[in-house]
Amino acid sequence: MRKITSKIYIAVVFIFLYAPIFVLIANSFNESKSRTVWTGFTFDWYSKLFHNEVILKSLLNTLIVAAVASIISTILGTAAAIGIYNMKKITRALVINITYIPIMNSEMVTGVSLMLLFVALNIDLGFMTLIFAHITFCVPYVILNVLPKLRQMNRSLYDAALDLGCNPLQAFRHVVIPEIMPGIVSGFLMSLTYSIDDFVISYFTHGSTSQTLPITIYSMTRRKVSPEVNALSAIIFIVVLAILLIMNLTDIKRSSAKKRAKGVRAE
């Protein structure tokens, strides 16, 4: 009975999470602009999407900001995580707690604070302020992804590399980086995801020429959201799903290859 109940519960949770997405994808093929009346199957909204300059420009802005902010955040966050890891226990605990603040803090407070900071410094709101704002809230996610990998790493490997003739830079590049690479990749992907998804902080720090996709979609809600947004959302969902499948298949192949290599060594 418990197994049946747990399966039903899991099914209800998944339906609750994914039903709106599948409804959105279905509406992207609806000939009518209405979300409640089905009038026929069409690909028109997808063709119109690629001719909608406002949506395409907003998407390009979103991808540029997310890519730049994620790369810089990954570099800064990784360096910060290594610095925090090498601190003394009390100092490390204090800095980690401070690192949690941007994550736990309300996005409204962060967005307004950054806007006031840029205004006080006489910096015009635009691409630069948007990128700085995204870096601000992305760096903590990278730190909190890299730190656990540093704790799991065997410190003697770095010392052994130094004893075998590597200089500190070579030991860091060939020993430390490969050990913490899963944390770096996870931090980068989280930064990329949160940057693309962010609305509140972007709303307070963007300029007239640097609107991101969430802001553009929000501005459409004052009138009516175009079905072209449904088409774009469907494409994004399929691309993300494909990336996840490729990553999982790659991990499965790697793990199976490692198992085969271990089996060959054992023989």
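Contact here means heavy atoms within 4.5 Å. The model is a predicted one, in which local features need pLDDT of at least 70, side-chain atom pairs count only at pLDDT 80 or more, and totals for chains, interfaces and linings use all residues. Residues are numbered from 1 along each chain as its sequence is written, and side-chain values use heavy atoms, with hydrogens and water left out.

On to the overall fold. The protein chain has 11 helices and zero strands, where helices (H or I, at least four residues) and strands (E, at least two) are DSSP runs numbered from the N terminus. Read from the N terminus, the element order is simply α-α-α-α-α-α-α-α-α-α-α. The C-alpha trace spans about 70 × 60 × 40 Å along its principal axes. The radius of gyration comes out at 23 Å, while a compact globule of 267 residues would have one near 18 Å; the radius is taken over C-alpha atoms, and the globule rule is 2.2 Å times the number of residues to the power 0.38.

Burial was sorted into three classes by relative accessible area: buried is under 20%, exposed is over 50%, and partly exposed is in between (1.4 Å probe, protein chains only). By that yardstick, 32% of the 267 residues count as buried. The chain exposes about 17,200 Å², with carbon and sulfur atoms supplying 68% of it; accessible areas come from the Shrake-Rupley method with a 1.4 Å probe, and for residues only the protein chains shown count as cover. Among contacts with a separation of 6 or more, 71% link residues 24 or more positions apart.

Now for the inside. A nonpolar core is a set of buried Ala, Val, Leu, Ile, Met, Phe, Trp, Tyr and Cys residues joined through side-chain atoms within 4.5 Å. The largest one has 23 residues, and those with the most contacts inside it are Ala81, Ile143, Val146, Leu147, Leu150, Val176 and Ile180. Helices α3 (53-85), α6, α7 (155-163) and α8 (168-197) each supply at least two residues of this core, and the largest share, nine residues, comes from α6. Apart from it lies another core, of 12 residues, among them Ile25, Ile55, Leu213 and Ala234.

Ile143 makes a handy anchor point for the first core. Not counting residues up to four places away in sequence, Ile143 touches Gly77, Ala80, Ala81, Ile84 and Thr99. Thr99 itself belongs to helix α4 (residues 89-104) and is buried, because its relative accessible area is 10%. Leaving aside neighbours within four places in sequence, Thr99 is in contact with Ile84, Pro140 and Ile143. Back in helix α3, which holds Ile75, the picture changes: Ile75 counts as exposed because its relative accessible area is 57%. The C-alpha atoms of Ile75 and Val139 are separated by 8.8 Å, with their positions 64 residues apart along the chain.

Two further buried residues are worth a look. Ser202, in helix α9 (residues 200-205), sits at 0% relative accessibility and so counts as buried. Ser202 touches Leu130, His134, Thr212 and Ile215, residues up to four places away in sequence not being counted. Its C-alpha atom is 12 Å from that of Met128, 74 residues apart along the chain. Thr110, placed in helix α5 (residues 107-120), is buried too, because its relative accessibility is 14%. With residues up to four places away in sequence left out, Thr110 touches Asn105 and Ile201.

Then there is the outside. Asn122, in the loop between α5 and α6, has a phi near 60 degrees, a positive value in a residue other than glycine. Asn122 is exposed, because its relative accessible area is 69%. Gln152, in helix α6 (residues 127-152), is exposed at 60% relative accessibility. Gln152 and Leu121 are 31 residues apart in sequence and 42 Å apart in space, C-alpha to C-alpha.

Last comes helix α1 (residues 2-27), home to Leu17, which is partly exposed at a relative accessible area of 48%. Leu17 joins Tyr9, Ile10, Val13, Phe14, Phe16, Tyr18 and Phe22 in a nonpolar surface patch of about 870 Å². Patches are made of residues with over 30% relative accessible area and no salt bridge, like charges being joined within 9 Å and nonpolar side chains (Val, Leu, Ile, Met, Phe, Trp, Tyr) within 5 Å; a salt bridge is a side-chain nitrogen of Lys or Arg within 4 Å of a carboxyl oxygen of Asp or Glu.
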